[in-house]
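User: Hi! I'm new to this one, could you walk me through it?
Analyst: Happy to, here it is.
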Amino acid sequence: MSVRSAEAADLAPLALLWWRGWRDAHLPIVPKALATRSTLDSFIDRMAVAMPRIRTMGPVGAPFGFHLIKGDELHQLYVAEESRGAGIAALLMIDAENRLLEAGATKSWLACTVGNTRAARFYQKAGWTLARTQTLPSEIPGGWFPLKAWRYEKTLTQRSAWAARAESEQLEARLPSLRGSTEDEGRQAGVYLTSDGVPWGRRAGDRLGSRQV
Ligand SMILES: CC(C)(COP(=O)(O)OP(=O)(O)OC[C@H]1O[C@@H](n2cnc3c(N)ncnc32)[C@H](O)[C@@H]1OP(=O)(O)O)[C@@H](O)C(=O)NCCC(=O)NCCS
């Protein structure tokens, strides 16, 4: 299972995944005025614009997550709720860092809404450092909403990109294509399990989507 460019059939499911993920992570921590403006329609519109730059994973029309790069910023990283905790985010992050490097960014940044502790934990695991808290414009229909965010930064080096790519290949070799693979096949092969050499991997008891490893 590899990271791929988004296709037209991914648009609606990606917008829904994004909207749901945004609500999961943000409804408890953002002002109500922003929550009420963050409609599904607004996410569909933004996703339609972003589609040429979206990288995703999973079957066409049924993606598990995505990332979006904007200049030197990792602008969005989302994984569907049922696929979290399974290493999907790590593979998306590796792809995002490689793309940033290929685009010439040696130092990248991302904004994580203050209080989004799960995302913050993930970024720290992935080697990003909290630089400061700042107020940034969050896109809403017809304008912007000021939102306090933790700014994370990471210096990207060629060496780490190569290492990341190798890790990605190692992890991918252990992940079956979800299409055509059965739960039993996954269990027998231990394909979701990681060795000590693979970062962020999960061991027995973890889940990939609805599948128990
Ligand atoms: C952010 C996201 C992509 C990370 O992917 P993931 O599959 O959840 O990542 P992981 O499970 O590998 O890492 C999350 C970590 O947070 C921990 N965690 C879970 N819930 C937590 C919480 N409420 N507070 C703090 N940490 C939490 C997990 O245990 C895990 O850490 P561990 O591996 O040390 O145990 C995913 O959670 C997501 O899509 N969230 C909603 C959208 C979002 O917030 N995107 C980022 C916008 S800035």
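Analyst: First a term: helices (H or I, at least four residues) and strands (E, at least two) are DSSP runs, numbered from the N terminus. This is a predicted model, where local features need pLDDT of at least 70, side-chain atom pairs count only at pLDDT 80 or more, and totals for chains, interfaces and linings use all residues. Residues are numbered from 1 along each chain as its sequence is written.

User: Which elements each supply at least two residues of the shell around the ligand?
Analyst: Those are helix 1 (11–26), strand 4 (73–79), helix 4 (88–102) and helix 5 (117–125). Helix 5 gives the largest share, six residues.

User: And which residues come nearest to the ligand?
Analyst: Of the 19 around the ligand, they are Ala 25, Arg 84, Ala 89, Thr 117 and Arg 121. A residue counts as near if its C-beta atom, placed from the backbone, lies within 6 Å.

User: Back to helix 5: which of its residues are buried?
Analyst: Ala 119, Phe 122 and Tyr 123 are. Buried means 20 or more other C-beta atoms within 10 Å of a residue's own, exposed 12 or fewer, and partly exposed in between, with C-beta atoms placed from the backbone.

User: What sits on the face turned away from that buried side?
Analyst: There you find the exposed Thr 117, Arg 118, Arg 121 and Gln 124.

User: New topic: why is strand 4 largely enclosed?
Analyst: Five of its seven residues are buried, so the rest of the structure largely encloses strand 4.

User: What stands opposite Gln 76 there?
Analyst: Leu 68 does.

How values were computed:
Pairing = 2+ DSSP bridges.
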